[in-house]
Structure formats: structure tokens, C-alpha cells
Amino acid sequence: MKKIIYAILSTNQSLTEISDLVNGMKGIMDANLYVLSFNDISIAVSDFTPSKDITNRELAIDFAGVIEALSQQVTLLPVRFGTFIKTDEIVHQLLVNHYDSFLRNLQKVENKCEFGLKVLCDSETFSTKISAQAAAVEVQPREYFSTDTVHTNYLLEKIKINKLEDSLFQYVDQLIEDISQYLTQINPDSKYKKMVTNSILLDAVFLVKKNKKDEFIQAISTFKQQHDDLQFLLTGSWPPYSFVDIVIE
């Protein structure tokens, strides 16, 4: 029988309080949840016996539900689904070995939660818009080449494409700057992925103080109204999955 790890918990309360919190909660496959502790940090675990009757997707959904329930009660670091350890003794040693890293990360996410934001566009319409903006830099052959040939026309077309790409990335960079400035008063930690696909301009995550959740949601809603040519998909709040800077080995 294996042990599956759900999350690293900040246990500023007494161990008894943490044990009482977890006692009675169920992990995946209806296993009893319990904690192993070292100093002021605990690990939430349960026994795990594989079953052919339950898919990994079903297990992952149940696993995420356990983390969500725990996050409503205590500051935690979510652990990736599928982190299995053989014995309680090894789990405890893991907690001892990574104590400083766990503590540092728990302090970073204390009383905070995560939001996800995707900024989407209609790729065809948006490309037309950017093309119009880039049209002001129409390339003239004589600026670069003394003759007008098939080869020079090909090169000129490549230059125009590069200028269009530059305009697109400049637009996305400006969008990031505008969002960041708009959220200055809330001051969340953030991570941005640019141009994930042709239709996803931005895929961002934000670490927001829990007492500023409503303010953050309202700020994004207001910002969205100023960009009616884009679609904004805001999700959360979630446990801080994207802001855990540790690797359990």
C-alpha cells in the first residue's frame, strides 16, 4: 500500500487543532486523511491502493477537491497529483529535508489565492486589425534593393511579415503593461505566457491577497469593458498551484 501526498500545510495552530481539522475528511477512493508533522508544518496524506475501476481523471478530480477543501481552512502548498511515497517514515523525512523550502513557500502564499486569466481574440479579426496598424510601415523596394526581382519581392514579403509579428508582440507587451498598471493598488504577484496560440494572446496567473479578491475581480471586469474587441476568461479563486517553487523528490 502506498501513501499519496495532497498538500503541505502551515500549522500555526497546535498539532491537535490540525489533526482535528483533517480528522474525518476523506481522501481519494474514500481513504481517511491524516497529517504527519514537523515543527510548524504538516503534510496531508492518505493510504492509496490502485483500482482498475477508477480512471486517473476521476482520481485527479477527487484529488483536486481534497486540496480545495483544505485550502478553505489553512494555508497550503498543493502537491502535484500522483506524488506517491512508500511509508509514513519516508514522508516525515521528506518534510524534515525540505522544511526550509516548504516554510519559505508557505510564507509567500499565506492568506493568498490564485486566479487565472486568459485573454482571447478572434484570430482573423485581430490579425486584420494589427495588419492595419502595421500598414503604416509599408516597405518600398528601392529602400532596400536596387532591382525589383522575384527574389527581392520574396525578401520584402518576409520583412513585412516580420514587421507584422513585431507589431503583434508590441501590442501584447503593451496589454501586459496596461493590466499590471491597472492592478497596481492590488499588487498581485503575476506570471504571463504570451501568444500561447493564435487566439490566446495571454495566459496569466495572479497571486492575490484573499482580502482583495473582490477588488481584483472588479478591476479585471472594468478593464475588460475597455477592450471589447478581446475576450477575458477569469477563473478562480484556486489554491496557489502556479506559485509553488519546490520539487519533491
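How many aromatic pairs does a search of the whole structure find? The search finds nine, and the points below take up one of these pairs together with the surroundings in which its rings sit. The model discussed here is a predicted one.

1. Overall make-up. The chain has eight helices and nine strands, and of its 249 residues 37% count as buried. Among the contacts in the chain with a separation of 6 or more, 75% are accounted for by residues 24 or more positions apart.

2. An aromatic pair and its cluster. Of the nine aromatic pairs, the one formed by Phe115 and Phe216 counts as tilted, because the ring planes meet at 35°, while the ring centres lie 4.9 Å apart. This pair links distant parts of the chain, since Phe115 belongs to strand E6 (residues 112–120) and Phe216 to helix H8 (residues 213–225), with their positions 101 residues apart. Phe115 and Phe216 are both buried, and ring pairs join them with Tyr192 and Phe206 into a cluster.

3. The largest nonpolar core. This core has 25 residues, and those with the most contacts inside it are Ile179, Leu183, Phe206, Phe216 and Leu230. Two or more residues each come from E6, helix H7 (150–182), strand E8 (200–209) and H8, and H7 gives the most, with six residues. When neighbours within four places in sequence are left aside, Leu183 is in contact with Pro188, Phe206, Phe216, Ala219 and Ile220. Phe206 and Phe216 thus appear among these contacts of Leu183 and also in the ring cluster.

4. A second core. Separate from the largest one, a core of 21 residues includes Val45, Val91, Phe102 and Val244. One of its members, Phe102, is also listed among the contacts of Ile8, and another, Val244, is touched by Asn105; these two residues are taken up next.

5. Ile8. Which strand holds Ile8? Ile8 is in strand E1 (residues 2–10), and at 0% relative accessibility, under the 20% limit, it counts as buried. Beyond its neighbours within four places in sequence, Ile8 is in contact with Ile41, Ser42, Ile43, Thr75, Leu76, Leu77, Val79, Phe102 and Leu106. The C-alpha atoms of Ile8 and Leu77 are separated by 5.0 Å, although the two residues are 69 residues apart along the chain.

6. Asn105. Is Asn105 buried or exposed? With a relative accessibility of 1%, Asn105 counts as buried, and its place is in helix H4 (residues 99–109). Not counting residues up to four places away in sequence, Asn105 touches Leu77, Phe243, Val244, Asp245 and Ile246. Leu77 is therefore a contact of Asn105 as well as of Ile8.

7. Lysines over rings. Lys2 lies over the face of Phe84, at 5.1 Å from the ring centre. Lys191 lies over the face of Phe243, also at 5.1 Å from the ring centre, and Phe243 is a residue that Asn105 touches.

8. Cysteines. How many disulfides does the count come to? The count comes to zero. Cys113 is buried, with a relative accessible area of 4%, and Cys121 is likewise buried, at 6%.

9. A hairpin. Strand E2 (residues 34–38) and strand E3 (residues 41–48) pair in the antiparallel sense over five bridges, and within this pairing Val35 stands opposite Ala44 in E3. The hairpin has two residues between the strands, and Asn39 there takes a positive phi near 55°.

10. Backbone details for checking. A cis peptide bond, with omega about 10°, joins Gly236 and Ser237, and Ser237 is found in strand E9 (residues 231–238). Asn111, in the loop between H4 and E6, has a positive phi of about 55° although it is not a glycine. Met195, which is not a glycine either, has a positive phi of about 50° and is found in the loop between strand E7 (189–194) and E8.

Definitions and conventions: Residues are numbered from 1 along each chain as its sequence is written. This is a predicted model: local features need pLDDT of at least 70, side-chain atom pairs count only at pLDDT 80 or more; totals for chains, interfaces and linings use all residues. Side-chain values use heavy atoms; hydrogens and water are left out. Rings of Phe, Tyr and Trp (its six-membered ring) pair if their centres lie within 6.5 Å; planes under 30 degrees apart count as stacked, over 60 as edge-to-face and the rest as tilted. Helices (H or I, at least four residues) and strands (E, at least two) are DSSP runs, numbered from the N terminus. Buried means under 20% relative accessible area, exposed over 50%, partly exposed in between (1.4 Å probe, protein chains only). A charge sits over a ring if NZ of Lys or CZ of Arg is within 6 Å of the ring centre and within 35 degrees of the ring normal. A disulfide is a pair of cysteine sulfur atoms within 2.5 Å. A nonpolar core is a set of buried Ala, Val, Leu, Ile, Met, Phe, Trp, Tyr and Cys residues joined through side-chain atoms within 4.5 Å. Contact means heavy atoms within 4.5 Å. Two strands pair if DSSP finds at least two bridges between them.
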